[in-house]
Amino acid sequence: MQPSKGRPGSDRAGRESPVERLDGVGPGPTEEAGHLRYDDPWYDALASGWGESAGAGVPAPAAVPSARGESETGVAAADVYLEVQRSEAFQEVRRRYRRFVVPGFVAFFAWYVGYVVAATTAPELMARPVAGAVNVALVAGLGQFLTTFLFTWAYARHARLRRDRAALELRWDTQELTRGVNGGVS
């Protein structure tokens with residue numbers, strides 16, 4: 001693993017290696033006591049989990065606890081997800097999704113392919129003027145944009161009215177089940 005500009009690297013045993021300073025100055029008194037100073041202006045210590053402990057004055061835990069496996073709990077988290085996938089509520093959310101998306105995709109794709117085929121096989125039809133310099137090809141091309149926005153709006157509306165609430169309930173149920181598997185820790 002390569003140390004990166006003031007960030008600590010680690011050796012193969014998982015212990016932190018000393019930070020090599022780029023400016024040639026040795027570590028200061030706080031750095032020697034285990035409090036590393038990061039001079040990289042692009043390094044966000046709080047976002048990476050370094051530098052902020054759970055409580056004031058309490059040192060952060062030295063190691064992250066290992067994830068619980070099947071041997072500790074008796075049931076793996078994968079079993080919970082398989083159970084949810086087999087549930088009637090999940091199948092209903094998938095049916096509602098397919099009932100909207102499949103016909104919508106077929107109609108939209110047919111409209112797109114029809115436009116491309118008409119543009120290549122019937123140039124005289126596409127060149128026919130509609131109003132002034134506006135011809136059938138321009139109207140159909142702008143219609144492609146309009147139908148894209150309409151389909152997006154319809155999809156978002158359908159999701160909001162028909163699927164989102166059921167999917168959110170499934171999510172909460174799944175989280176509760178996995179908390180039970182993980183011994184109350186999510």
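**Exercise 1. Determine how much surface the chain exposes and which atoms supply 61% of it.**

Solution. The chain exposes about 14,400 Å², and carbon and sulfur atoms supply 61% of this area. Accessible areas are computed by the Shrake-Rupley method with a 1.4 Å probe; for residues, only the protein chains shown count as cover. The model is a predicted one, in which local features need pLDDT of at least 70 and side-chain atom pairs count only at pLDDT 80 or more, while totals for chains, interfaces and linings use all residues. Residues are numbered from 1 along each chain as its sequence is written, and side-chain values use heavy atoms, with hydrogens and water left out. As a next step, consider burial: of the 186 residues of the chain, 14% count as buried (under 20% relative accessible area; exposed is over 50%, and partly exposed lies in between, with a 1.4 Å probe and protein chains only).

**Exercise 2. Describe the order of the elements and state which of them has the lowest mean pLDDT.**

Solution. The chain holds seven helices and two strands; these are DSSP runs numbered from the N terminus, helices being H or I with at least four residues and strands E with at least two. Read from the N terminus, the order is α-α-α-α-α-α-β-β-α. Next comes confidence, given by pLDDT, the predictor's value for each residue from 0 to 100. The chain has a mean pLDDT of 74, with 56% of its residues at 70 or more. Among the elements, the lowest mean pLDDT, 46, belongs to helix H3 (residues 70–73), and the highest, 93, to helix H5 (residues 88–121). Over residues 61–74 the pLDDT is below 50, and this stretch has six contacts in the model beyond near neighbours in sequence. Contact here means heavy atoms within 4.5 Å. Of the contacts in the chain with a separation of 6 or more, 54% are between residues 24 or more positions apart.

**Exercise 3. Identify the salt-bridge partners of Glu 92 among Arg 95, Arg 96 and Arg 99 and the network that results.**

Solution. Side chains of opposite charge can pair when their charged atoms come close. The criterion is a side-chain nitrogen of Lys or Arg within 4 Å of a carboxyl oxygen of Asp or Glu, and the count comes to four salt bridges.

Step 1. Glu 92 meets Arg 95 at 3.1 Å, N to O. Both residues lie in helix H5, three residues apart, about one turn of the helix. Glu 92 is partly exposed at 24% relative accessibility, as is Arg 95 at 33%.

Step 2. Glu 92 also meets Arg 96, at 3.2 Å, N to O. Because these two are four residues apart in helix H5, about one helical turn separates them. Arg 96 is partly exposed at 28%.

Step 3. With Arg 99, the closest N and O atoms are 3.5 Å apart. Arg 99 is exposed, with a relative accessible area of 54%. Through shared partners, salt bridges join Glu 88, Glu 92, Arg 95, Arg 96 and Arg 99 into one network.

**Exercise 4. Is Thr 178 buried or exposed, and which residues does Thr 178 touch?**

Solution. Thr 178 lies in helix H7 (residues 136–181). Its relative accessible area is 11%, so Thr 178 is buried. Leaving aside residues up to four places away in sequence, Thr 178 touches Val 80 and Tyr 81. A polar atom of the Thr 178 side chain lies 3.0 Å from the backbone oxygen of Gln 175.

Definitions and conventions. Polar contact = N/O pair within 3.5 Å; in protein donor to acceptor, adjacent residues only side chain to side chain.
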